Amino acid sequence: MAVRGTNGEADNKGREKSAPGLMVSLLAVVFVSLVAAQWQGRQQVDRVVVTGATGLSQTTIRTMVDTIVHKQARSLALADIREMVERHPYVRTASVYRTGVHEITVDVRERMPLAHVVVTGGDLRYVDAEGSILPPATVRTAHNIPVIQATRSGSILTNEEVRMVAAMLVSASGTLDPVLYQAVSEVRYDRRTRSAELITDDARWRVGLGDAVETQRAFADMNVFWKQAGAAMNMTTVDVIDLRWNHQVILRYKG
């Protein structure tokens, strides 16, 4: 019993001696971390890298972020920089992070143009995948995108109608053969029949917009017809290819 008691007391004394050493180590780590943070905070930002931006937003974003160059890191909040960049109308989201002691990276995800739309006055404006009409771009980029307008000459589509046509184009881009989708040069919306005509070099394709599932089905039929029957037919005599009925393709001939 005496021997056990001696060993137990020795173990306790060992723990008591090790505890102050552990505390000193922890304090040293905290101190070094604080010193490193203070040192990093005093460093200035010498470079801001912008990634993901195209001509739609690059020049303006570059002007924005250049205002933080040569400022001390501790005076900058990354969240504030992100909010500043996301105020640009062509920016959907942005990520801001440090990529070095003197460098910050701004990674941009833009609102990419899905189509043009004719607005009041006859001007063309970009529309994104959500159907938002974007402000005039300082630089117009070479996007191969269709023009959206009403079938009735001089009529201007409402914002809701533009969103509906944009949703249709998103469905088309995910269903149609890329070659066929890229051939669509114009989309004319008919508010009377709630349908749209997609104009290609060879034909006019009519699609209903009442239901998303039916619209996608119509594009699947359009794909099949274009691949299997379209190449074997004389399309110059066809006026409209009507896809508004389930798994039926109705040809309306000219004259």
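**Sheets, helices and one ring pair**

A: To begin with the helix pair in this predicted model, helix H4 passes helix H6 in a right-handed crossing.

Q: OK, and which residues make the contact there?
A: On the H4 side the contact is made by Met-168, Ser-171, Ala-172 and Thr-175, while H6 contributes Thr-215, Gln-216, Phe-219, Ala-220 and Asn-223.

Q: By class, what does that contact of H4 with H6 have?
A: The contact of H4 with H6 has 4 nonpolar and 5 polar residues, and no charged residues.

Q: What angle do the two helices pack at, and how far apart are their axes?
A: H4, which covers residues 159-175, and H6, which covers residues 212-228, pack at an angle of about 40°, and their axes are 9 Å apart. The two helices are therefore oblique to each other.

Q: Switching to the sheets, what is the order in the one with 8 strands?
A: The order is E5-E4-E6-E7-E8-E9-E10-E11, in an open sheet whose pairing is mixed. Strand E5 (124-127) and strand E11 (248-253) are the edge strands, each of which pairs on one side only. On average, and with direction ignored, neighbouring strands of this sheet are turned by 25° against each other.

Q: How many bridges join E8 to E9, and do they run parallel or antiparallel?
A: Strand E8 (residues 195-199) is joined to E9 by 5 bridges, and the two strands run antiparallel. Within these strands, Glu-197 stands opposite Arg-206 in E9.

Q: Back to H4 for a moment, which strands is it touching when it packs on the sheet?
A: H4 touches strand E4 (115-118), E5, strand E6 (147-150), strand E7 (186-190) and E8, and its direction makes about 130° with that of E7.

Q: And H6, which strands does it lie across?
A: H6 lies across E8, E9, strand E10 (238-245) and E11, and it runs at about 140° to E10.

Q: How many aromatic pairs does a search of the whole structure find?
A: The search finds 1 aromatic pair. The rings of Trp-205 and Phe-225 have their centres 6.0 Å apart and their planes at 80°, so the pair is edge-to-face.

Q: Where do Trp-205 and Phe-225 lie?
A: Trp-205 lies in strand E9 (residues 204-208) and Phe-225 lies in helix H6, so the pair ties together parts that are 20 residues apart in sequence.

Q: What about the sheet with 3 strands, what order is that in?
A: That open sheet has the order E1-E3-E2, again with mixed pairing. Its edge strands are E1 (47-51) and E2 (91-100), each pairing on one side only, and its neighbouring strands are turned by 20° against each other on average, direction ignored.

Q: How many bridges join E1 to E3?
A: E1 and strand E3 (residues 103-110) are joined by 5 bridges and run parallel, and Arg-47 stands opposite Glu-103 in E3.

Q: Which strands of that sheet does H2 touch, and which does H3 lie across?
A: Helix H2 (residues 58-65) packs on the sheet and touches E1, E2 and E3, with its direction making about 155° with that of E1. Helix H3 (residues 78-86) lies across E2 and E3, running at about 145° to E2.

Key. Residues numbered from 1 in each chain as written. Predicted model: local features only at pLDDT ≥ 70, side-chain atom pairs only at ≥ 80, totals over all residues. Heavy atoms only, no water. Axes fitted to C-alpha atoms, helices over the stretch in contact; angles between N-to-C directions. Helix = DSSP H or I, 4+ residues; strand = E, 2+ residues; numbered from the N terminus. Parallel < 35°, antiparallel > 145°, perpendicular 65-115°, else oblique. Left-handed = near helix turned anticlockwise from the far one by under 90°. Contact = heavy atoms within 4.5 Å. Nonpolar A, V, L, I, M, F, W, Y, C, P; charged D, E, K, R; others polar. Pairing = 2+ DSSP bridges. Phe/Tyr/Trp six-rings, centres within 6.5 Å; stacked < 30°, edge-to-face > 60°.
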